[in-house]
Amino acid sequence: MRRRIRRWPLIALWTVTLLLGAWVFLWPHPEAPIGVERRLVEKGYTPQERLTIRLTLDPGEVLALSVEPYRIDAIDYYGNPVYQLLSDHGYGGEDLTALSILDHYTALNLTQFEVMSSPQRILFDPYFLWTRFERYMALAEELPLASGRTLVERINTDRDFAYYTQIKPALGEGLSVLVNKYYALPSDFEPQPLVQASSCGQPTLQQAAAMAYDALCTAVKAQGLDLGSSSAYRSYARQAELYSYYVTTDGQAAADTYSARPGHSEHQTGLTVDLNAGDGSIGLFVNTGTYRWVSVNSWRYGFILRFPEDKTDITGYMFEPWHYRYVGIETATTLHELGITYDEYAVWIHESKRIP
Ligand SMILES: [Zn+2]
């Protein structure tokens, strides 16, 4: 009798231990309460999917997922806020997968625009600008097979408009000013001070450009070569004369490929010089040793070849091996490394900090 009475607490202890053990053993996951697990089963997630969900997502994300309808991309959707944002906005398939690696800020900006086909091709371009997003989209519709680089390059250089149809004031100022067929200087713009370089034909230029030209002259001569200047600073009035002369001689279409309309000439900035090899000829310059040396080394002195042979569709000018623009050594070095035109670079520098 005494022994039977004393056995009861032992049986009770064993029972409690067994129940506790079974409960711990059957507990699906310390971070997933039994209710969540049941809901996942009810939503239709397979055992394999449930295991992946529990191993991949945080408890809060699992909870969020468990109260929503089944989705095959649940892991991506609930595990990546960017994926969720863009999916909710309407992106899907390969585009959504590609875009899911965007940073949250970029993704958020993207949702301010309608869904487009493969926006990643432009978003991942290094010169992508939010300020021009809708124009990229419009051009992408016209050219569905164009690469992101083509789309961004065209739009950043305004070529969704014909030359001289969308004229804006010259971009930037000082040594960084951009003047081309879209950006113009006022007729009364005259850089100050204008000085004469002291060597190699003494072109008239802005002070910094004149000093750099003298350094270039010294370097060219050190190679046993010669350098001269055929034309440097030109006023608006002088450019107007020249342009109308070329139009009369060659017709406007031809003149526009080699001569700028007044206000659109870089020569008016006082930062540009047409080089020759000391013989006064720009036409033969491309065949000279001076050209070969200058075209490779001018950036070291702050000058860039402004209208290269392979960029005529961007610059709107035929290859002009003689036409050099001073932008300063730092910018010239950057351009030398990037290999893009000054037209694209200046716009990108100017607009890349702006948000949509
Ligand atoms: Zn020129």
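**View 1. Asp-158 sits in the loop between H11 and strand E1 (168–169).** This is a predicted model, and here is one of its backbone oddities. Asp-158 is not a glycine, yet its phi is positive, at about 65 degrees. Is Asp-158 buried or exposed? It's buried: 22 other C-beta atoms lie within 10 Å, and the cut-off for that label is 20 or more.

**View 2. Tyr-164 also belongs to the loop between H11 and E1.** Tyr-164 is another residue other than glycine with a positive phi, this one near 65 degrees. Its surroundings hold 13 other C-beta atoms within 10 Å, so Tyr-164 counts as partly exposed. As background for both of these views, most residues other than glycine have a negative phi.

**View 3. A cis peptide bond links Gln-192 to Pro-193.** Omega for this bond is near -10 degrees. For context, most peptide bonds are trans. To find the spot, look in the loop between strand E2 (183–184) and strand E3 (194–196), where Pro-193 lies.

**View 4. Helix H2 (residues 34–43) packs with helix H4 (residues 59–66).** Two numbers do the describing for a pair of packed helices: the angle between their axes and the distance between the axes. For H2 and H4, those are about 45 degrees and 9 Å. That angle makes H2 oblique to H4. As for handedness, H2 and H4 cross in a left-handed way.

**View 5. Here's a closer look at which residues meet where H2 contacts H4.** H2 brings Val-36, Arg-39 and Leu-40, and these meet Val-62, Leu-63 and Ser-66 from H4. Sort the residues of this contact by type and you get four nonpolar, one polar and one charged.

**View 6. Helix H10 (residues 133–142) has Phe-133, Tyr-136 and Ala-140 buried.** Why do these three count as being on the same side of H10? Because they cover an arc of only 55 degrees around the axis. The general rule is handy here: an α-helix has 3.6 residues a turn, so residues three or four places apart point the same way. Over on the other side of H10, Glu-141 and Glu-142 are exposed.

**View 7. Other helices help cover the buried residues of H10.** Which helices are included in that cover? Among them are helix H9 (120–123) and helix H11 (148–156). H11 should ring a bell, since the loop between H11 and E1 is the place of Asp-158.

Key. Residues are numbered from 1 along each chain as its sequence is written. This is a predicted model: local features need pLDDT of at least 70, side-chain atom pairs count only at pLDDT 80 or more; totals for chains, interfaces and linings use all residues. Axes are lines fitted to C-alpha atoms, for helices over the stretch in contact, and angles run from 0 to 180 degrees between N-to-C directions. Helices (H or I, at least four residues) and strands (E, at least two) are DSSP runs, numbered from the N terminus. Angles under 35 degrees count as roughly parallel, over 145 as roughly antiparallel, 65 to 115 as roughly perpendicular and the rest as oblique. A crossing is left-handed if the near helix is turned anticlockwise from the far one by less than a right angle, and right-handed if clockwise. Two residues are in contact if their C-beta atoms, placed from the backbone, lie within 7 Å. Ala, Val, Leu, Ile, Met, Phe, Trp, Tyr, Cys and Pro count as nonpolar, Asp, Glu, Lys and Arg as charged, and the others, Gly among them, as polar. A residue is buried if 20 or more other C-beta atoms lie within 10 Å of its own, exposed if 12 or fewer, and partly exposed in between; C-beta atoms are placed from the backbone. The arc is that of the directions from the helix axis to the C-beta atoms.
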